[in-house]
Amino acid sequence: MSHANRSAKGLRIIIVGCGKVGSTLIERLDKEGHEITIIDQQPDKIAEITNLYDIMGIVGNGASYNVQKEAGIDDADLIIAVTGSDELNLLCCTIGRRAGQCAAIARVRTPEYSNEIGYLREKLGLAMIINPELEAAKEAARVLSLPTALEISTFAHGQAEMIKIKIPEDNILHNMSIADLGRKITNNILICAVERDGEFTIPSGDFVIHGGDIISFVGTRRQGRNFLKKIGFQTKQVRNTLIVGGGKAAYYLSDQLIKSGINVKIIETDRARCEQLSILLPDAVIINGDGTNRDLLKEEGIEETDSFVPLTGIDEENIMLTLHAKQVSKANAKVITKINRINFTDVINQLDLGSVIYPKYIASEAIIAYVRARQAASEESNIETIFHLFNGRAEAIEFHISECSSITNIPLKELKLEKNLLIAFIARKGSILIPTGLDTLQPGDNVMVVTTHVGFRDIHDILDE
């Protein structure tokens with residue numbers, strides 16, 4: 001049995017708010033063996049969730065000291081506030097910090113507060129402030145800077161990227177083994193995950209790539225783009241984008257794209273919001289109209305735009321708009337689909353939606369990384385980032401190694417590693433190394449591991465013991 005499954009003691013966690021992020025967190029944290037109490041004002045939500053999971057539920061106001069007392073704040077390790085109100089979340093966390101001695105995480109989505117995250121975190125003593133819309137916008141902006149990618153995740157404070165692409169049937173990589181790719185094309189990237197016909201693999205050197213495969217590889221930003229050029233992928237960022245919906249995610253995305261020199265046009269139905277956006281984003285073109293109207297979309301250039309991002313609050317609308325854009329685009333536009341609900345991923349995967357972004361997953365992953373790092377008994381390593389790959393069938397985890405241990409200074413080929421596990425890169429003193437069997441792990445390194453095992457909390461979990 002691996003380290004990962006020899007469970008460290010679960011944390012006592014109070015979650016305030018049972019919306020989409022709250023439910024995702026409950027599902028993930030319950031799986032990982034934590035003791036969870038939820039607080040929500042709506043009795044039916046509490047009833048629904050306590051029927052699904054073996055957790056305690058309390059109906060009430062999460063910012064009330066008495067309600068928190070009843071939920072066990074005195075003994076809690078962590079309070080997570082993810083209600084629909086930023087102010088309520090900050091208040092819940094402030095009271096929780098004072099009432100118990102626990103860590104606190106708040107979801108805060110308002111742009112004004114987002115500029116003050118550092119200040120709020122420090123002054124209120126919060127472990128983390130998470131903003132799903134801002135994180136989703138960052139992911140969308142990364143993809144639009146490299147539109148041939150399906151997904152781009154960053155590691156090692158932005159030094160390394162994991163890029164997901166689909167290999168065309170006639171590509172140079174078709175029928176090439178991973179070892180040959182290293183010999184003939186480049187050794188500066190590492191292919192760490194492949195999905196073929198719904199089957200997921202962490203490949204070894206003799207794995208042969210086929211057209212139609214979806215692969216994820218890691219490398220530095222420059223090496224990743226060099227590799228894509230060599231295999232015939234475009235690496236230029238889009239020049240313009242058309243966004244439908246003018247909510248928070250649209251604001252955050254437009255702000256980032258304009259800073260990268262990309263022209264932005266937003267279609268929004270609410271006139272007052274259009275006026276707000278034109279003040280917040282003076283360089284964007286704001287159109288007041290119904291973004292689901294085909295004639296208006298045509299008039300505003302859906303057929304010619306380089307990229308199209310529907311950001312309405314309704315998943316079904318976003319999906320229909322994406323499929324429409326793919327049908328009418330003469331420029332083969334890059335489309336990004338933002339989806340809030342996560343219970344239909346199998347259906348969604350069968351639709352050709354381009355890049356799909358789930359803000360709820362992004363929020364929950366940052367929180368799970370924190371919880372696991374907090375839970376790891378070891379002082380020698382801690383978790384920096386976690387990404388779930390291919391619908392949670394694998395995890396990419398970045399560990400920081402702070403001191404010497406049984407795993408450092410030993411060539412990787414001599415370490416007895418778990419099966420279905422790959423050491424993807426070592427970040428050392430500002431450089432990214434794609435490791436060979438002769439490399440060693442050193443104190444100060446950040447190390448990324450891709451594995452189908454779930455629940456690693458510590459770098460030593462990679463050993464098969």
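These legends go with close-up views of a predicted model.

**View 1. The largest nonpolar core.**
Start with the 50 residues that make up the largest nonpolar core. Ile165, Leu173, Ile191, Phe217 and Leu253 touch the most other members here. Which helix gives the most to this core? That would be helix H7, spanning residues 132-145, which puts in seven residues. As a bit of background, nonpolar side chains in soluble globular proteins tend to be buried together.

**View 2. Zooming in on Leu253.**
Leu253 is one of the residues that touch the most other members of the largest core. Who does Leu253 meet once its neighbours within four places in sequence are set aside? The contacts are Ala137, Ala140, Ala141, Ile243, Val309 and Leu311.

**View 3. A second core.**
There's another nonpolar core, separate from the one above, with 43 residues. Look for Ile36, Ala103, Leu421 and Phe456, which are among its members.

**View 4. Asp213 and Arg196.**
Now for charged pairs: the structure has 21 salt bridges, and one of them joins Asp213 to Arg196. Their closest N and O atoms sit 2.8 Å apart. Arg196 belongs to strand S10 (residues 190-196), while Asp213 is in the loop between strands S12 (208-209) and S13 (214-220); the two are 17 residues apart. Is Asp213 buried or exposed? It's buried, at a relative accessible area of just 1%, whereas Arg196 is partly exposed at 23%.

**View 5. Lys326 and Asp352.**
Here Lys326 pairs up with Asp352 in a salt bridge, with 3.6 Å between the closest N and O atoms. Lys326 comes from helix H13 (residues 315-328), and Asp352 from the loop between helix H14 (345-350) and strand S19 (355-357), so this pair ties together parts that lie 26 residues apart in sequence. Lys326 is partly exposed, with 33% relative accessibility. Asp352 comes out at 51%, and the cut-off for exposed is over 50%, so Asp352 counts as exposed.

**View 6. Glu395, Arg372 and Glu32.**
In this last view, the side chains of Glu395 and Arg372 meet in a salt bridge, at 2.7 Å from N to O. Glu395 is in strand S21 (residues 394-401) and Arg372 in helix H15 (residues 359-375), so the bridge ties together parts 23 residues apart in sequence. How accessible are the two partners? Glu395 is buried, with a relative accessible area of 0%, and Arg372 is buried at 0% too. Glu32 joins in as well: Glu32, Arg372 and Glu395 are linked in a network of salt bridges.

Technical notes. Residues numbered from 1 in each chain as written. Predicted model: local features only at pLDDT ≥ 70, side-chain atom pairs only at ≥ 80, totals over all residues. Heavy atoms only, no water. Core = buried A, V, L, I, M, F, W, Y, C linked by side-chain atoms within 4.5 Å. Buried < 20%, exposed > 50% of the residue type's maximum accessible area, 1.4 Å probe, protein only. Helix = DSSP H or I, 4+ residues; strand = E, 2+ residues; numbered from the N terminus. Contact = heavy atoms within 4.5 Å. Salt bridge = Lys/Arg side-chain N within 4 Å of Asp/Glu carboxyl O.
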